[in-house]
Amino acid sequence: MSGKASALDRGGVKSKGTKLKGAICARSFVTGARWEEGWKRVVAPKVGVTPEMHDFMSQQTKSEVLGQLRRQYRRAGRDYKRQLLSQAVQLLGCHRKAAIRALRHTPPPPASPALILGRPREYHPDTLLPILKPIWFAAFQPCGRRLVAWLPEWLPACEADHRRVDADVRASLLAISARTLDRLLAPRRVSLRRRGGTRPGSLLRQSIPIRGEWIEEGPGWLELDPVALCGGTLDGRHLWMLDAVDIRTDWTEQRALENRGQHCTLTPLQDLEASLPFALLGVDSDHGGEFINHHVLAWTGPRPKPILFTRSRPYKKNDNAHVEQRHWTHGRQQFGDERYDNPPVAPPINALGKGARGQLQNHFLPTPKRERKVRRNGRITRVYGDAQTPLARGLAAPQVAEEKMEALKVLHTRLNPFQLHRDIERQKKTIEANRRFKA
């Protein structure tokens with residue numbers, strides 16, 4: 001017999017401390033059939049509550065009974081422990097060895113509450129959100145960087161239109177940071193899909209210079225770009241929204257186009273020029289055929305001081321980055337992705353752009369402007385100044401005429417941003433009801 005023979009092969013003797021896999025060994029001398037009998041007698045499942053237990057109690061009841069017996073078992077003496085074991089076997093229907101393991105088991109301690117690191121919370125949503133939400137929704141869900149610049153002017157309007165603001169809440173709102181505003185309002189932000197389409201125009205493309213970096217100073221330099229109100233089908237029989245933004249002041253105008261033909265493109269451009277509070281000096285468009293044509297080129301040319309007409313590179317959307325941003329905040333956020341194919345709805349959209357929508361955007365919604373670029377640790381960082389309204393930037397520009405400046409100031413004192421928001425929503429309901437063509 002080999003020296004590696006098991007203890008059972010050497011006469012059926014198992015020494016103290018030796019383990020057999022899957023069995024609990026006796027501590028005394030056991031031989032032959034008595035070993036087999038003893039081995040079968042002490043084997044037990046290693047789980048506290050098994051499916052073979054009595055099924056007249058639910059799992060939750062069994063756990064509660066076991067917990068009560070476990071607490072008594074820890075404090076009991078030897079004789080009383082035997083009684084508790086017998087009671088556990090009778091109630092739970094488990095093996096006696098399984099009951100011993102279950103009663104000796106120490107459950108894990110309850111999880112301690114998570115530690116909150118960092119500074120204590122200074123701004124409580126329950127007190128700030130009732131004031132922030134009306135302002136935020138009336139301003140079309142801006143980012144925190146823009147909203148923090150709007151609050152000093154919007155809070156008096158909110159008090160006049162909605163409710164009185166407590167002094168401590170007012171102080172908190174005026175001292176809050178842009179990041180904190182983003183965290184408070186992030187769960188309430190909604191987003192929509194974006195869609196647009198541009199057909200390249202090859203006519204006169206070589207005669208129109210490509211715009212590089214904007215180096216001109218003062219207002220009067222516009223970026224133009226249309227966005228399709230097509231509902232997902234670019235078949236040409238739908239309206240377009242023409243967005244125009246001034247580079248230096250962020251003054252924005254919108255006009256609806258029934259199509260991208262000669263008359264439907266030139267008329268909104270002429271109306272847009274007449275609505276600006278400053279002289280139009282130059283326009284920069286994309287490479288679409290609605291702009292790259294003889295009609296628009298003739299409109300910019302024959303005048304005492306011609307308008308500088310430039311274009312972007314084909315398929316380079318970042319060349320018109322300023323106006324591309326307005327497609328979301330001024331187009332999709334207002335009119336969504338629905339289809340507008342009823343031509344009579346264009347005049348109400350234009351009235352909204354020249355009226356309440358344009359006044360709210362240009363008089364009460366500040367935007368930040370990049371001041372410079374700084375290289376830090378090999379990376380270029382953009383440095384932005386304080387957010388200002390397009391009206392404030394326009395009034396500070398010397399190119400704005402004095403009589404026009406006084407008219408804008410008088411108009412601003414008569415406007416209430418919450419009333420403008422209600423007018424916008426009322427007019428949008430009328431536009432929404434008539435946006436589809438009815439044969």
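# A walk through the model

Start by selecting helix 2, residues 59-75: its 17 residues reach 25 Å from the first C-alpha to the last, close to the 24 Å expected at 1.5 Å a residue. Keep in mind along the way that this is a predicted model.

With helix 2 still selected, show its side chains. Lys-62, Leu-66, Gly-67, Leu-69, Arg-70 and Tyr-73 are buried in this helix. As a reminder for reading such a pattern, an α-helix has 3.6 residues a turn, so residues three or four places apart point the same way. What covers the buried residues of helix 2? Add helix 3 (78-92) and helix 4 (96-104) to the view, as both are included in that cover.

**Next stop: strand 1**

Now select residues 221-229. Here 9 of the 9 residues of strand 1 are buried, so the strand is largely enclosed by the rest of the structure. Colour its two faces separately if you like: Trp-221, Glu-223, Asp-225, Val-227 and Leu-229 point one way, while Leu-222, Leu-224, Pro-226 and Ala-228 point the other way.

Bring in the neighbours of strand 1 one at a time. Strand 2 (residues 239-246) pairs with strand 1 in the antiparallel sense, over 8 bridges. To find your place in that pairing, pick Leu-224 and look for its bridge partner in strand 2, Ala-244. Then turn to strand 4 (residues 282-285), which runs parallel to strand 1 and is joined to it by 3 bridges. Leu-222 has Val-283 as its bridge partner there, and Glu-223 stands opposite Asp-284.

Stay on strand 4 for a moment. Are its faces covered or open? Both are covered, with Gly-282 and Asp-284 buried on one side and Val-283 and Ser-285 buried on the other. From here, step across to strand 5 (residues 308-311), which pairs with strand 4 in the parallel sense over 4 bridges. Ser-285 and its bridge partner in strand 5, Arg-311, make a handy pair to label.

**Next stop: the aromatic rings**

How many aromatic pairs does a search of the whole structure find? The search finds 5. Select Trp-154 and Phe-364: with ring centres 6.5 Å apart and planes at 80°, this pair is edge-to-face. The two residues come from distant parts of the chain, Trp-154 in helix 6 (residues 144-161) and Phe-364 in helix 13 (residues 356-364), 210 residues apart. Both Trp-154 and Phe-364 are buried.

Keep Trp-154 and add Phe-418. Their ring centres are 5.5 Å apart and their planes stand at 80°, so this pair is edge-to-face too. Since Trp-154 lies in helix 6 and Phe-418 in helix 16 (residues 417-433), the pair ties together parts that are 264 residues apart in sequence. Trp-154 has a relative accessible area of 0%, and Phe-418 counts as buried at 3%. Add Trp-150 to complete the view: Trp-150, Trp-154, Phe-364 and Phe-418 form one aromatic cluster.

**Next stop: charges over rings**

Select Trp-240 and look over its face for Arg-260, which lies 3.8 Å from the ring centre. Then go to Tyr-340, where Arg-435 lies over the face of the ring, at 5.9 Å from its centre.

**Last stop: two cysteines**

Finish with Cys-158 and Cys-230. Cys-158 is buried, with a relative accessible area of 1%, and Cys-230 is buried with a value of 1% as well. How many disulfides are there? With sulfur atoms within 2.5 Å as the cut-off, the count comes to 0.

Methods
Residues numbered from 1 in each chain as written. Predicted model: local features only at pLDDT ≥ 70, side-chain atom pairs only at ≥ 80, totals over all residues. Heavy atoms only, no water. Buried < 20%, exposed > 50% of the residue type's maximum accessible area, 1.4 Å probe, protein only. Phe/Tyr/Trp six-rings, centres within 6.5 Å; stacked < 30°, edge-to-face > 60°. Lys NZ or Arg CZ within 6 Å of the ring centre and 35° of its normal. Expected span 1.5 Å × (residues − 1). Contact = heavy atoms within 4.5 Å. Pairing = 2+ DSSP bridges.
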